[in-house]
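Subject: Structure handover

Dear colleague,

I am passing on the structure below, followed by notes on what turned up in it. Please read the notes with the structure open.

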Amino acid sequence: MMTPEENDLLCRVVGQAAMGQLMRRHWTPVCLQEEVADPDGTPVKARLFGEDLVVFRDSDGRVGVMDEHCPHRRASLVFGRNEEGGLRCLYHGWKMDVEGNVLEMASEPAASGMTEKVKHTAYPAKEWGGMVWAYMGPKDTMPSFEPPAWAPTADTRVSIAKVLLPCNWAQILEGAIDSAHSSSLHSSDMVPARVDSAKATEKTWLRPSTDKAPRMQVQRTGYGFRYAALRRPLTNAAANDYVRSTVFVAPATALIPPNNLYNVANINVPMDDTNTAFYFIAWGHPAQTPETETWRKFLRQSVGVDLDGSYRPLRTEENRFWQDRNAMKAGNFTGITGFPNQDLAMWLTMGPIADRTHDRLGASDLAIVEFRKQMLDAVRAFEQGGPAIGTGADAATPAVCAFQAIVPKTTDWRSYEARYIWQDGLEHPELEPSYSVNG
């Protein structure tokens with residue numbers, strides 16, 4: 001059980017909150033590349049750690065991530081003119097480039113030299129894996145950008161569903177690393193079958209187990225932790241375990257056990273204390289990984305159908321998440337289509353910030369307990385002047401990956417040779433899909 005003070009320490013990210021400051025020591029996704037696809041296109045509003053931002057692509061194709069509000073009189077630059085190498089405020093014509101340099105002040109005399117005295121807040125930006133990233137921490141602590149585990153190479157297909165949710169980042173992350181819930185909440189979409197490992201079809205994911213009470217084991221690492229949910233397989237349960245190993249990459253990424261065709265991950269970006277940008281990702285070889293629109297349709301996360309134009313869900317608690325009670329009577333467990341929608345129904349009904357002081361945790365919640373303990377330890381160490389978890393020598397490497405497999409009981413999952421899902425037989429040396437993930 002957590003205290004109210006610990007719950008706040010874990011969840012709060014705005015201003016000088018320690019967790020938000022820790023997160024700012026990592027490169028963080030700001031928006032999707034598709035949102036700012038065109039040079040001189042429409043600027044996009046974003047919000048991270050309680051800070052309002054504007055994202056735009058200039059005439060030369062460079063992406064800028066800046067304070068949304070003009071340094072002159074704080075009008076929004078989201079409505080500005082994106083033209084000739086910069087973003088121009090509509091109010092008085094001040095114009096800033098992607099680095100925050102003030103190029104023009106139409107309302108000031110040219111001889112005033114004021115453009116050289118004003119610098120707008122702009123953050124280093126990088127494009128990778130279908131996202132625009134920014135570093136929002138102190139410049140002297142900025143690490144080099146390293147590709148995330150779910151987008152290891154430029155030719156990896158990365159398909160992303162984005163949803164903006166009105167709840168805290170930590171309860172979403174806890175859902176992503178919680179393997180036990182999938183056997184109940186997602187039981188109509190992740191269906192038991194006599195297969196040799198998890199399989200993907202156009203409509204469902206098949207699993208070789210009916211076991212709803214997995215045994216949990218955790219291995220802490222410098223970047224977070226790995227854990228295994230051990231279940232009885234449908235075949236030869238006396239000799240084998242069905243292992244689903246999830247990876248938590250601090251501060252807010254989960255590498256989820258794959259199926260037979262592609263890998264799965266999610267990253268949860270705090271917009272502020274009570275709003276989160278949730279990104280659900282399929283990645284792998286282009287021949288086997290669904291394209292973006294196919295992925296979103298499969299998840300029931302299509303813009304204009306399931307989400308509004310701002311990536312906010314049309315399913316809400318007020319309309320009961322479009323739950324079909326007749327479908328439930330006919331055998332569907334939740335009556336909610338799209339397994340991320342089943343998740344968000346749980347996350348949102350916990351409230352804007354889940355009150356963990358009332359939790360009653362059991363053996364199946366081992367990963368949740370480890371997440372809370374590790375992140376509280378990490379943020380306290382950070383407050384005492386230590387490095388942010390998962391940075392420097394402790395940063396996750398490309399060797400880190402989730403896996404699922406039927407393995408002999410004599411095999412320790414910690415030493416199991418995990419493999420990315422990639423096209424069978426295809427040589428791809430820069431990806432190096434086979435790794436031992438000890439340590």
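In the residue classes used here, Ala, Val, Leu, Ile, Met, Phe, Trp, Tyr, Cys and Pro count as nonpolar, Asp, Glu, Lys and Arg as charged, and the others, Gly among them, as polar. By these classes, the lining of the largest cavity divides into 13 nonpolar, seven polar and four charged residues. Please note that this is a predicted model.

Cavities

The whole structure holds three cavities of 30 Å³ or more. The largest cavity has a volume of about 260 Å³. Its lining is made up of 24 residues, and those closest to the centre are Gly 175, Ala 176, His 181, Met 190 and Ile 256. Two or more lining residues come from each of H3, strand E15 (205-207), strand E18 (240-249), E20, strand E21 (275-284) and H6. H6 gives the largest share of this lining, with four residues.

Pockets

The largest pocket has a volume of about 760 Å³. It is lined by 38 residues, and His 26, Glu 146, Pro 147, Pro 148 and Val 249 are the closest to its centre. Strand E1 (27-32), strand E19 (253-256) and strand E20 (263-272) are the elements that give two or more residues to this lining. The largest share, four residues, is that of E20. By class, the lining of the largest pocket has 26 nonpolar, nine polar and three charged residues.

The second largest pocket holds about 390 Å³ of space. Of the 20 residues that line it, Gly 175, Asp 178, His 181, Met 346 and Met 350 lie nearest the centre. The elements that give two or more residues to the lining of the second largest pocket are H3, H6 and H7. By class, this lining has eight nonpolar, three polar and nine charged residues.

Gly 175 and His 181 appear twice in these notes: they are listed among the residues closest to the centre of the largest cavity, and again among those nearest the centre of the second largest pocket. Likewise, H3 and H6 each give two or more residues to the lining of the largest cavity and to that of the second largest pocket.

Salt bridges

How many salt bridges does a search of the whole structure find? The search finds 32. Three of them are described here, together with one network.

Glu 174 forms a salt bridge with Arg 356, and the closest N and O atoms are 3.2 Å apart. Glu 174 lies in helix H3 (residues 169-177), while Arg 356 lies in the loop between helix H6 (339-349) and helix H7 (366-383), so the pair ties together parts that are 182 residues apart in sequence. Are these two partners buried or exposed? Glu 174 is buried, at 8% relative accessibility, and Arg 356 is buried as well, with a relative accessible area of 1%. Both values fall under the 20% cut-off for a buried residue.

Arg 419 and Glu 417 also meet through their side chains in a salt bridge, at 3.8 Å from N to O. Here Arg 419 is partly exposed at 47% relative accessibility, and Glu 417 is partly exposed at 42%. Elsewhere, salt bridges that share partners join Lys 45, Arg 47, Asp 52, Glu 68 and Asp 272 into one network.

The third pair is Glu 83 and Arg 81, whose side chains meet in a salt bridge of 2.9 Å, N to O. Glu 83 counts as buried, at 17% relative accessibility, whereas Arg 81 is partly exposed, with a relative accessible area of 48%.

Around Arg 88

Glu 83 has a further partner in Arg 88: a polar contact of 2.9 Å joins the two side chains. Arg 88 sits in strand E6 (residues 86-88) and is buried, with a relative accessible area of 13%. The side chain of Arg 88 also reaches the backbone oxygen of Gly 93, at 3.1 Å. Leaving aside residues up to four places away in sequence, Arg 88 touches Gly 80, Arg 81, Glu 83, Gly 93, Trp 94, Lys 95 and Glu 104. Both partners of the third salt bridge, Glu 83 and Arg 81, are thus in the list of residues that Arg 88 touches.

Regards

Technical notes: Residues are numbered from 1 along each chain as its sequence is written. This is a predicted model: local features need pLDDT of at least 70, side-chain atom pairs count only at pLDDT 80 or more; totals for chains, interfaces and linings use all residues. Side-chain values use heavy atoms; hydrogens and water are left out. A salt bridge is a side-chain nitrogen of Lys or Arg within 4 Å of a carboxyl oxygen of Asp or Glu. Buried means under 20% relative accessible area, exposed over 50%, partly exposed in between (1.4 Å probe, protein chains only). On a 1 Å grid over the protein atoms alone, a cavity is a set of points where a 1.4 Å probe fits but cannot get out, and a pocket is an open set with protein on both sides within 12 Å along at least five of seven lines; lining residues have an atom within 4 Å of a point. Grid points are joined across faces, edges and corners, and a volume is the space filled by probe spheres set on the points. A polar contact is a pair of N or O atoms within 3.5 Å; within protein, one must be able to donate a hydrogen and the other to accept it, and residues adjacent in sequence count only if both atoms are side-chain atoms. Contact means heavy atoms within 4.5 Å.
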